[in-house]
Amino acid sequence: DFLRRGRHLHYCSYYLQTNLLPAIPEILARARALGLTISLDTNWDPAETWNGGLHEAIALTDLFFPNENEALALTRQTDLAAALDVLHSWGRPDLIVAVKRGEQGALVSANGAQLNVPVAPVESLKDTIGAGDSFDAGFVTGWLRGLPLAECAALGNACGRASTQARGGIQGQLRG
């Protein structure tokens with residue numbers, strides 16, 4: 001019933017919710033069957049096994065949001081271009097991968113093209129906790145509004161950057 005009321009499902013902290021791991025592909029499949037779009041952010045895998053049904057989950061996902069270190073670890077690759085090739089091989093043909101690269105902004109990969117979207121320098125870094133989640137929220141907001149991918153990433157970058165301007169994961173978030 002909860003999923004029926006939604007438009008989009010964002011699943012995050014994939015590797016931190018260990019009791020849910022076996023059920024995630026089924027939950028995402030149910031969401032997809034109900035017409036929801038899906039985004040996924042794994043975060044770091046503390047056990048560093050980098051699986052737990054992830055291939056099945058990515059195959060059901062529209063947007064995937066690893067940071068650069070996660071993309072390399074997930075795919076067991078040493079360069080980002082190779083990692084993106086692997087991630088796209090696991091996903092739907094229209095999978096969008098937005099790699100968070102900190103002060104380098106974001107690299108968006110979709111439909112065989114890649115787009116680097118820079119971020120404004122951070123003048124007064126207070127804390128990076130929550131920056132990735134804030135990026136995801138900004139990107140998804142733009143994407144659900146039908147913005148071009150460059151604008152989605154720019155919005156994600158602005159949200160992630162703002163989050164670093166205050167301590168904790170929410171105090172610096174953009175409002176409105």
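**A mixed sheet, its helices and two cores**

In this predicted model, alanine 106 sits opposite valine 117, a residue of strand 6. That pair belongs to a longer match-up: strand 5, covering residues 106-110, and strand 6 run antiparallel to each other and are joined over five bridges. Zooming out, the sheet is an open one, built from six strands in the order 1-2-3-4-5-6, and its pairing is mixed. Strand 1 (8-12) and strand 6 (113-117) are the edge strands, and each has a single partner, so one side of each has no neighbour in the sheet. As a reminder, the strands of a sheet pair through backbone hydrogen bonds, and they can do this in parallel or antiparallel fashion.

Next come the helices. Helix 1, made of residues 24-33, lies across strand 1 and strand 2 (37-41), and runs at about 165 degrees to strand 1. The loop between strand 1 and helix 1 holds proline 22. With a relative accessible area of 71%, proline 22 counts as exposed, because the cut-off for that label is over 50%. Proline 22 and leucine 54 are 32 residues apart along the chain, and their C-alpha atoms are separated by 9.9 Å.

Helix 3 (residues 68-75) and helix 4 (residues 80-90) pack against each other at an angle of about 65 degrees, their axes 9 Å apart. The crossing of helix 3 past helix 4 is left-handed. On the helix 3 side, the contact is made by Glu68, Ala71, Leu72, Leu74 and Thr75, while helix 4 brings in Leu80, Ala83, Val86, Leu87 and Trp90. Sorted by type, the residues of this contact come out as eight nonpolar, one polar and one charged.

What about the inside? In soluble globular proteins, nonpolar side chains tend to be buried together. Here, the largest nonpolar core has 31 residues, and Tyr14, Leu40, Leu54, Ile58 and Phe64 are the ones that touch the most other members. At least two residues of this core come from each of strand 1, helix 1, strand 2, helix 2 (54-58), helix 3, helix 4 and strand 4 (96-100). Helix 4 is the top contributor, giving five residues.

Tyrosine 14, one of those well-connected core members, has quite a list of contacts. Setting aside neighbours within four places in sequence, tyrosine 14 is in contact with Leu21, Ile24, Leu40, Asp41, Thr42, Asn51, Gly52, Gly53, Leu54 and Ala57. There is also a second, separate core of 14 residues, with Ile96, Ala106, Phe139 and Trp143 among them. That brings the story back to alanine 106, the residue that stands opposite valine 117.

How values were computed
Residues numbered from 1 in each chain as written. Predicted model: local features only at pLDDT ≥ 70, side-chain atom pairs only at ≥ 80, totals over all residues. Heavy atoms only, no water. Pairing = 2+ DSSP bridges. Helix = DSSP H or I, 4+ residues; strand = E, 2+ residues; numbered from the N terminus. Contact = heavy atoms within 4.5 Å. Axes fitted to C-alpha atoms, helices over the stretch in contact; angles between N-to-C directions. Left-handed = near helix turned anticlockwise from the far one by under 90°. Nonpolar A, V, L, I, M, F, W, Y, C, P; charged D, E, K, R; others polar. Buried < 20%, exposed > 50% of the residue type's maximum accessible area, 1.4 Å probe, protein only. Core = buried A, V, L, I, M, F, W, Y, C linked by side-chain atoms within 4.5 Å.
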